Amino acid sequence: MTARARGWLAGGVGLALLLAGPWWGIERIPRPTLPGDLGCPLRGTALAQARTGGSLDIDVTNIFGDGCFEVRIVGACPCAEPPYVCVEIEYWEPRLLIVTEQAQADKAHGQLGQQFGEVTAYPFPVGAVMELLGFDFLCTPDDLRSQTTLSAAASYSSRLDEVPWRTGGLETVLAEATAPGATALSVGCALDSLVSVPSLGGLCMGVWGPLFARAGWLIHGSQPVGSGAVAYRAAHLISWPELLWGRVAVPAFDFRATTRDKMNLVAPTLMPCIRPGTSPLGWESARLSPTGQYAWVYWVKRTCCVQL
């Protein structure tokens, strides 16, 4: 058995022990701070302070809601060394930490819908979770494995992408061309009656509403749902570089956000992983933030061949 495989198996045992008890939790300590450096280490119970205009302190080492990580052996695959048969594994990796701030939409200034959300998305420090669990993330790209701190450099900030995030920009034209009006498009998404457009990464976020225009306003009146929707829009912006259309973002080339991915709320409370667009009936209750601030972890699937 290779050293990498032994590390994987040991990590799996460690993960099972960790998940055997209620070890997870969110520590949120409100404090009157301004946006600042996010580069603090993530070891043990150290806090990673994710702040956008206010204060939201998150222990991002504790992000494992039910149904998130899910390491599985899915089959056999060929490998280059004897015995020439390897196993294919898959797991879900925490890829982004997305912080949103929700407020009532200001229609006088072009914010459509019922609410408006600012959003900031950071590359998740996968290396910190690797160290915590003693787990060798075999399928994770090398540049992500080395990330052990939450960087102050966001992959996307709506405040830096101000005009299109507040107005919808050219994407509002796309939405109008897709259906007669944003309200009609929202109804179509809720009824799941629209045909997917793969070249655009889909048109809908399930019952959360239309994906386009990827802006901060939403028709939906629920604040937690609105937070999840703008978080997903940010993940989509980052991971579909060919659809940036002049937007200000640091593109990611290792995944493409779709509603088949997973995400879970980690502040103000921790919840299990859900698919983007999942009906709020099963998860929205008791999730309302008193400050309008929310934090999500966005998970992507990794698959690779492992030699035992």
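Buried, in what follows, means under 20% relative accessible area, with exposed over 50% and partly exposed in between, using a 1.4 Å probe and protein chains only. C273 is a case of the first class: its relative accessible area is 15%, so it counts as buried.

Some conditions before I go on. This is a predicted model, in which local features need pLDDT of at least 70 and side-chain atom pairs count only at pLDDT 80 or more, while totals for chains, interfaces and linings use all residues. Residues are numbered from 1 along each chain as its sequence is written, and side-chain values use heavy atoms, with hydrogens and water left out.

I will stay with C273 and its partner. A disulfide here is a pair of cysteine sulfur atoms within 2.5 Å, and the structure holds four. One of them joins C273 to C68, with an S to S distance of 2.1 Å. The link is right-handed, at 105° about the S-S bond. For elements, I use DSSP runs: helices are H or I of at least four residues, strands are E of at least two, and numbering starts from the N terminus. C68 lies in the loop between β2 (57–58) and β3 (72–78), and C273 in the loop between β8 and β9, so the disulfide ties together parts 205 residues apart in sequence. C68 is buried as well, with a relative accessible area of 2%.

Two further disulfides. The sulfur atoms of C79 and C86 are 2.3 Å apart. Their S-S torsion is about 105°, so that disulfide is right-handed, and both cysteines are buried. C139 and C304 are also bonded, at 2.1 Å between sulfur atoms. There the torsion is about -70°, so the disulfide is left-handed. C139 sits in the loop between α2 (126–133) and α3 (142–145), and C304 in strand β9, 165 residues apart. Both of these cysteines are buried.

Next, the strands. How many of the residues of β5 are buried? Nine of the nine, so β5 is largely enclosed by the rest of the structure. In a regular strand the side chains alternate between the two faces of the sheet. In β5, one side carries Q115, G117, V119, A121 and P123, the other F116, E118, T120 and Y122, and both faces are covered.

Strands pair, in my usage, if DSSP finds at least two bridges between them. β5 pairs with β4 in the antiparallel sense over nine bridges, with A121 as the bridge partner of I98. β5 and β7 also run antiparallel, joined by two bridges, and Q115 stands opposite L218 in β7. Strand β6 (residues 156–157) is another antiparallel partner of β5, again over two bridges. There, T120 is matched with S157.

Last, the cores. A nonpolar core is a set of buried Ala, Val, Leu, Ile, Met, Phe, Trp, Tyr and Cys residues joined through side-chain atoms within 4.5 Å. The largest has 44 residues, of which I98, Y156, W208, W296 and Y298 touch the most other members. Elements giving two or more residues to this core include β4 (85–104), β5 (115–123) and β9 (293–306). The most come from α7, with nine residues. Apart from this core lies another, of 31 residues, among them I89, F135, L138 and L270.

To close on I98: contact means heavy atoms within 4.5 Å. Not counting residues up to four places away in sequence, I98 touches V119, T120, A121, A231, A235, Y294, A295, W296 and Y298.
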